[in-house]
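Please read the points below alongside the sequence and the coordinates. They are set out as a colleague's note, one topic to a paragraph.

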Amino acid sequence: MQKEKIAFIGTGVMGSSIVKHLINASYEVTVFTRTKSKAEPLVGQGARWANNVAEAIEHADIIFTMIGMPTDVEEIYLSDQGILANGHPSQILVDMTTSSPELAIAIAEKAASLQMDSLDAPVSGGDIGARNGTLSIMCGGKKEVFEKLLPILSVFGKQIVYQGTAGAGQHAKMCNQITVAGNMIGACEAIAYAMESGLDPDTMLQSVTSGAANSFSLSDLGPRIITENYEPGFYVKHFVKDLHIALQEAERLNLKLPGLHLAYDMYADLLSKGYGEKGTQVLIKKYIK
């Protein structure tokens, strides 16, 4: 049985790893990204390069997007040069960007009017999960479309969960980011406390990551904090965007989340001080000089 042809738009830190998994699984993948140099290693491994969105999706059965901001998602999907204006019936659209639930619903409705299907499928797991093919994928849309795509999502995902109708995947990702925000504060405060109290931070982590306090922030990013490695598994600039979406949704739901507000303010301050291209673990700068 011939495998589906895939278009993948957006080959950043995580998108590039996902494309590699798809190529290794013998899928025919065409890629497009705004900065061609980011895609050149993938082309060298067998991906096809497209010069624009229309060219990328022309022969695709499934179109994945993993880009930066909701404004980028809106442009890629809804502009005259975008996917919906240049696609064709029966194509399946899968947006893996962390974006607005309301935008996911709008895309799904427009896609349905054009006899296309759409999933919002944001991911968690960072650069490590993308490299290892162990991402958590949260999906919103029609359940039959989700089930059809499971074999492909399983190529780069480990925990793949259907959350509900369009927008539900994005809502689940907001829950994820709210939790991560709190965990990052806890991890940084624990490491700062260990340093100031005279503990060896690495030795402290051996105990704390083996108990109830463990989290990805502590076990995976904690060692990076200790060695002052602030390179991004996930960019501060994107985390600020995610937390802003979560705050907007919480306000719309008339829900007060003071921990989320605190995390947003701290990360927004880091962004204003030039740390946007660093990883979320750079939050430690709020505690130690």
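Is C175 buried, partly exposed or exposed, judged by its relative accessible area? The answer is taken up in the first point, together with the other cysteine discussed there.

This is a predicted model, in which local features need pLDDT of at least 70 and side-chain atom pairs count only at pLDDT 80 or more, whereas totals for chains, interfaces and linings use all residues. Residues are numbered from 1 along each chain as its sequence is written, and side-chain values use heavy atoms, with hydrogens and water left out.

1. Cysteines. C175 has a relative accessible area of 49% and is therefore partly exposed, where buried means under 20% relative accessible area, exposed over 50%, and partly exposed in between, with a 1.4 Å probe and protein chains only. C139, by contrast, counts as buried, because its relative accessibility is 0%. The closest cysteine sulfur to that of C139 is the one in C175, at 15 Å, which is too far for a bond. Taken from the other side, the sulfur of C175 has that of C139 as its closest cysteine sulfur, again at 15 Å and too far for a bond. The structure accordingly holds 0 disulfides, a disulfide being a pair of cysteine sulfur atoms within 2.5 Å.

2. Strands β1 and β2. Helices (H or I, at least four residues) and strands (E, at least two) are DSSP runs, numbered from the N terminus, and two strands pair if DSSP finds at least two bridges between them. Strand β1, residues 5-9, runs parallel to β2 and is joined to it by 5 bridges; I6 has V29 in β2 as its bridge partner. Between these strands the chain passes through helix α1, residues 13-24, in a β-α-β crossover that is right-handed, meaning that, with the strands pointing away from the viewer, the path from the first strand over the helix to the second runs clockwise.

3. Strands β2 and β3. The pairing of β2 with strand β3, residues 48-49, is also in the parallel sense and rests on 2 bridges, with R48 in β3 as the bridge partner of T30. Here the chain crosses from β2 to β3 through helix α2, residues 36-44, and this β-α-β crossover is right-handed. Strand β2 covers residues 28-32, and 4 of its 5 residues are buried, so the strand is largely enclosed by the rest of the structure.

4. Helices α4 and α6. Two packed helices are described by the angle between their axes and the distance between the axes. For α4 (residues 70-78) and α6 (residues 101-113), the axes come within 11 Å and cross at roughly 5°, the axes being lines fitted to C-alpha atoms, for helices over the stretch in contact, with angles from 0 to 180 degrees between N-to-C directions. The two helices are therefore roughly parallel to each other, since angles under 35 degrees count as roughly parallel, over 145 as roughly antiparallel, 65 to 115 as roughly perpendicular and the rest as oblique. P70, V73, E74, Y77 and L78 in α4 meet L103, I107 and K110 in α6, where contact means heavy atoms within 4.5 Å.

5. Residue S99. This residue lies in the loop between β5 (92-95) and α6, and S99 is buried, with a relative accessible area of 1%. Neighbours within four places in sequence left aside, S99 is in contact with P70, V73, Q170, M174 and I245.
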